[in-house]
Amino acid sequence: MSVQAAGRLRIGVLALQGDFGAHAQMLRELGAHAVEVRVPADLQGLDGLVLPGGESTTMTLGIEREGLAEPLREFARTGAPVFGTCAGMIMLDREHLGVMDTRCRRNAFGRQVRSFESPLELPGIEGPPVRAVFIRAPWIEEAGEDVEILASVDGHPVAARQDNVLVIAFHPEIAGETRVHELFLAQVAQRSGV
Amino acid sequence: MRPGPQQAGATIQVMRDESTFRVKAGLAQMLKGGVIMDVVNAEQAEIAERAGAAAVMALERVPADIRRDGGVARMSDPVLIKGIQEAVTIPVMAKARIGHFAEAQVLEALEVDYIDESEVLTPADEDNHVDKWDFKVPFVCGATNLGEALRRIGEGAAMIRSKGEAGTGDIVEAVRHMRRIRSDIRKLTVCDDMELATAAKELQAPIDLVRGVARDGRLPVVLFCAGGIATPADAALMMQLGAEGVFVGSGIFKSDDPERRAAAIVEATTHYQDAERVARASEGLGGAMRSLETRKLDEQQLLANRGW
């Protein structure tokens, strides 16, 4: 996908709390137009949506306060690509927005002293493994039939896809790793016919 | 669970690097746009979490009480820290005295998520800060200017907060320190290489970090503000001045209605650019904490002067 093509794509980044700025910056560097989403009206005219890392409790309360739950579900139902990282992955599971047929375990790897980075192979990504940074990260505890597991750590799924929704438990956006975002943007571009 | 293409789902025994600087500084990235609230026990921690705090900070007494009661302020009792850790799922930070590496070791043994080497507690060492590279747990430290911030980062701090003047409810010092740090940064961005060497000398900061700040126009770690935030508008002010998130100490649990005020400050921190939202969040919160005008305090009552 050319940078020019990505430039026509409007990607929302949920900006209630967390590292939404790092996602927006990476999307801009890849040529997309990044839009911060804080209220339902911000979802209008978006081609794709990123749910960033942050504190899942804070984000859950923020989604409630802003009345964003149903608009976010509705957005995902249109088939537009949605990409959740870490807390974003939690937001999309059965016990939160219910967009994905998964149940996540929060802080699954433990407290901050157990946070780590490691190389990780992801299908669809060429070249060396992704530098995956896991920060008080969740994993997927349960997943339905339609969920495709893309990568695991110690037997626990940390990356998955279900139709238009891609989730990862780690943070490429703070490791200068652009390839997962490129993968997501390619999916958006394909759907938007760019 | 349908397996993916390349036998995915199989266990990958990953080589794992724990506690790299990226991992330490990364947690602060996840706290951005959030409010970190001082709590002294599990009950307060639960209130903070319910109100939307991104993390809580455990300490023995909130700064307003330290100011009122005097005496040596120390690390919190481990029993209270454990109680807080059991009560909430958000990150739990805790304060250690400046230079008191044994308190920091205790906090690491308790597996707190961040250690605040804090001027709010009584310093244990008047010359040296803790060597923070020695620890797996990341540190946040206070700063009143860029040189101080970079010295702390040079010692291994993975997050910086402007100091302000804790326990006063007076925002003036927080504003002074945040403006000072941001304007120090701006000045570096227009220096040439020779001038940067001189700037490093004047800032008393490591030259490599000074070069990095000049190149990026920002600190290499996340910058929050602290010390004096008492209202939603205070939070919105600091965010507009360039804070990436907010610490609130006495401002919440020394106010009339901690739960509502906490939620209101969280809301204002998210919507800091939207004055109508900040206005709505500010409505009917009851009384703010009992405040002290910093200008009327004696020199030796100032906490921001601690640390060097």
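**A sheet shared by two chains**

Okay, let's start at one residue: Glu117(A) has Asp17(B) as its bridge partner in strand 2 of chain B. Strands here, and helices too, are DSSP runs, numbered from the N terminus: E of at least two residues for a strand, H or I of at least four for a helix.

Quick housekeeping. This is a predicted model, where local features need pLDDT of at least 70 and side-chain atom pairs count only at pLDDT 80 or more, while totals for chains, interfaces and linings use all residues. Residues are numbered from 1 along each chain as its sequence is written, chains are lettered from A in the order in which they are written, and side-chain values use heavy atoms, with hydrogens and water left out.

Back to the strands. Next to that pair, Phe116(A) is matched with Glu18(B). So how many bridges join strand 6 of chain A to strand 2 of chain B? There are 2, and the strands run antiparallel; for pairing, DSSP has to find at least two bridges between the strands.

On the chain A side, Glu117(A) stands opposite Val133(A) of strand 7. Strands 6 (residues 116-120) and 7 of chain A are antiparallel as well, over 5 bridges. Strand 7, residues 130-134, has 4 of its 5 residues buried, meaning under 20% relative accessible area with a 1.4 Å probe, protein chains only.

Put it together and you get an open sheet of 3 strands, ordered 7(A)-6(A)-2(B), with antiparallel pairing. Strand 7 of chain A and strand 2 of chain B are at the edges with a single partner strand each, so each has one side without a neighbour in the sheet.

Glu117(A) also forms a salt bridge with Arg22(B), closest N and O atoms 2.7 Å apart. The rule, a side-chain nitrogen of Lys or Arg within 4 Å of a carboxyl oxygen of Asp or Glu, finds 6 of these across the interface.

On the chain B side, strand 2 (17-18), helix 1 (21-31), helix 2 (42-51) and helix 12 (258-270) each supply at least two residues to the side touching chain A. Which element gives the largest share? That's helix 1 of chain B, with 8 residues.

And the whole interface? Contact, meaning heavy atoms within 4.5 Å, takes in 50 residues from chain B and 51 from chain A. The buried area is about 4300 Å², with carbon and sulfur atoms giving 52%; that's the accessible area (1.4 Å probe) the two parts lose on being put together, summed over both.

Key. Buried < 20%, exposed > 50% of the residue type's maximum accessible area, 1.4 Å probe, protein only.
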